[in-house]
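Colleague: I would like a close look at one part of this model, and after that some account of how the larger pieces meet.

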Amino acid sequence: MTQVLYEAPRYLDAGEAALSVEFGDSVAPEINARVLALDAALCDAKLPGVEELVPTYRSLMIHYEPLTISRGELIKTLETLVFHGAAAFAPKARWRIPCCYDPALAEDIVEAARILEMSPERLGALHVSGCYRAYMYGFAPGWCYLGGLPPALALPRRASPRGATPPGTVLIGGGLSLIAANPMPTGWYVIGRTPERLFALERDPPLLVEPGDAISFEPIDSESFSALEARALRGEVVAKREVLQ
Amino acid sequence: MSALLLVLKAGPGASVQDRGRRGFLRFGVTPAGPMDSGAFMAALLAAGDPQGAGVEASLGGLELAAEGGEIGLAIAGGAFDVRLGERALPPACALKLVPGERLTVRAGAFGSWLYLAPFGRFDLPLVLGSYATHARSGLGGLAGRMLRAGDALKIIDPRPAPAEPMTIVAPWLAERPAKLRVILGPQQDYFSPQTIETFLSARWRLSERSDRMAYRLEGPVLQHIKGHDIVSDGVAFGAIQAPGDGAPLVLMADRQPTGGYPKIANVIGADLGALAQLRPGDSLEFESVSWEQAVAARRARERLIEAGVTLEPVLRVELSTEFLLSRNLVGGVFSAREG
């Protein structure tokens with residue numbers, strides 16, 4: 001895969017009230033690190049007129065109020081931030097997410113393993129061995145896309161979507177992993193289930209993982225899954241969070 | 001006892017909205033909110049709470065009644081046919097709905113969306129800080145879904161409404177630009193100069209397959225020069241995506257927060273309401289403007305909204321047969337000032 005990190009970020013208008021800051025043209029950890037570094041710096045800067053920040057694989061979308069901050073002023077600030085901190089991305093937290101790879105819960109693990117020409121057990125073990133980063137959210141509330149999938153697990157997305165996933169599914173597809181908080185049809189493969197609820201409206205905070213957080217998976221059997229799920233449904237956070245510096 | 005706003009009939013596409021769910025876009029949560037934010041603001045301002053919530057009605061129309069007490073409503077949006085009982089009212093009006101009366105709104109001369117803001121608040125839970133309904137993810141509004149017949153919305157903290165129906169005068173409601181203004185990009189480099197020229201000179205038609213999520217355009221095919229897949233990135237309200245089949249999709253209030261197709265342009269903020277109010281079958285054209293021009297249009301719109309709305313008495317009109325006929329011909333355009 002060719003990975004192109006631009007020499008300087010591109011500032012692209014998405015209308016007069018949104019600016020896309022693009023660092024590269026592919027899905028790659030170095031490019032995404034620049035996106036997340038700028039996201040973190042802008043979150044801290046709390047610029048008046050900057051309304052929402054949406055980090056994605058290779059660009060940061062800044063939704064802003066142009067009557068409060070002009071495009072020129074915004075870009076000037078961004079250039080200072082990019083100059084001072086772009087390469088300095090470090091995750092703020094690491095999550096250990098319990099995940100069950102039992103085919104009874106991991107509906108597509110047998111199918112995905114067959115395509116990858118390995119056993120479902122090997123697929124699960126390889127998935128657990130990965131060190132992941134929350135690249136971005138997208139598609140639906142609480143759908144968290146993870147970089148860091150072992151290359152042996154890269155498989156293309158399905159030609160046509162499968163039915164709606166159960167809540168808390170862990171998926172692979174297109175060289176990435178994904179934790180899907182709530183049910184939606186998808187072209188990815190369900191290879192695990194977590195009892196943790198990444199997105200729970202009644203809990204504060206409703207969303208656990210921040211873009212940029214480090215993620216690892218802890219394998220659990222289906223009995224532990226049931227026990228942890230019961231606790232999670234009572235409002236407990238069953239994933240473990242470690243603060244990093 | 002609090003008053004209940006009863007939904008007697010609801011076409012598809014009626015929902016509770018506020019100005020949108022903010023701050024959770026980075027977690028994949030769509031803001032939702034009104035399709036025509038300017039019209040929505042006119043209704044909110046007339047009802048006395050610019051931060052409030054209201055009902056968005058679609059072309060499918062709506063029939064409402066009050067139970068347990070009277071309910072003030074401020075109505076603004078497209079030129080819908082608004083009737084309180086048998087009485088025809090202007091499409092932007094403030095009124096008091098008393099128990100036993102029926103308020104009917106139906107598609108009129110133009111427009112796809114109409115807003116009905118209560119003089120008071122809906123007794124609904126805030127979901128991630130907002131009342132906006134995003135039905136696709138089941139968030140907000142009434143149980144995360146569109147409104148349907150039999151629903152009842154409890155009104156709390158009522159504010160006094162005009163005793164007699166009043167016309168809402170909001171100058172920006174009349175703005176319907178001949179061409180919708182766009183800023184090219186962010187991925188105009190995925191299209192040849194000829195394709196961009198085609199995009200800007202074509203007469204597009206709004207497809208039947210249009211909804212709160214996206215408006216689909218019918219017209220020439222927009223060819224890509226670098227393929228139709230991009231690495232997914234953020235999208236804004238009004239982004240014009242060109243998927244693989246080349247038929248552009250304009251992303252609207254219920255859009256996904258990110259998308260993987262090249263975006264040739266974005267409709268500017270000041271023209272989003274006019275775009276939203278188009279109906280399937282309507283034709284539309286685009287015109288490219290600079291960032292500065294877009295901001296000037298945004299500022300002009302903002303100043304009008306800051307000046308607020310005024311309420312004027314609805315002039316009583318003798319409804320002669322002739323008048324009714326002429327009214328049918330124009331399909332519901334009815335202004336107190338003209339009357």
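Which residue follows α5(A), and what is the sign of its phi? Please begin there and then take me through the helix itself and the contacts between the larger parts.

Modeller: This is a predicted model, and everything below should be read with that in mind. The residue that follows α5(A) is G235(A), and its phi is positive, near 105°.

Turning to the helix itself, α5 of chain A runs over residues 222–233, and because each residue should add 1.5 Å, its twelve residues are expected to span 16 Å, which agrees with the 16 Å that separates its end C-alpha atoms. Three residues of α5(A) are buried, namely F225(A), E229(A) and A232(A). These three lie on the same side of α5(A), because the arc that they cover around the axis is only 60°. The exposed residues E223(A) and A230(A) are carried on the face of α5(A) that is turned away from its buried side. As for what lies over the buried residues of α5(A), the cover includes three strands of chain A, β5 (93–100), β10 (189–193) and β11 (214–220).

From the helix I move to the contact between the chains, where 37 residues of chain A meet 33 residues of chain B. On the side of chain A that touches chain B, at least two residues each are supplied by β1 (5–13), β2 (18–24), β3 (50–55) and β4 (59–64) of chain A, and β3(A) gives the most, with five residues. Sorted by class, that side of chain A holds 21 nonpolar, nine polar and seven charged residues.

Within chain B there is a further contact, this one between domains. The domain assignment divides chain B into domain 1, made of 3–170 + 310–330, and domain 2, made of 180–303, and the centres of these two domains, taken over C-alpha atoms, are 28 Å apart. Domain 1 of chain B brings 19 residues to the contact, while domain 2 of chain B brings 13 residues. On the side of domain 1 that touches domain 2, the elements of chain B that give two or more residues are α1 (37–47) and β8 (103–118), and the largest share, four residues, comes from β8(B). By class, this side of domain 1 of chain B has eight nonpolar, nine polar and two charged residues.

Definitions and conventions
Residues numbered from 1 in each chain as written. Chains lettered and ligands numbered in written order. Predicted model: local features only at pLDDT ≥ 70, side-chain atom pairs only at ≥ 80, totals over all residues. Domains from an automatic or database assignment. Contact = placed C-beta atoms within 7 Å. Nonpolar A, V, L, I, M, F, W, Y, C, P; charged D, E, K, R; others polar. Expected span 1.5 Å × (residues − 1). Buried ≥ 20, exposed ≤ 12 C-beta atoms within 10 Å, placed from the backbone. Arc of directions from axis to C-beta.
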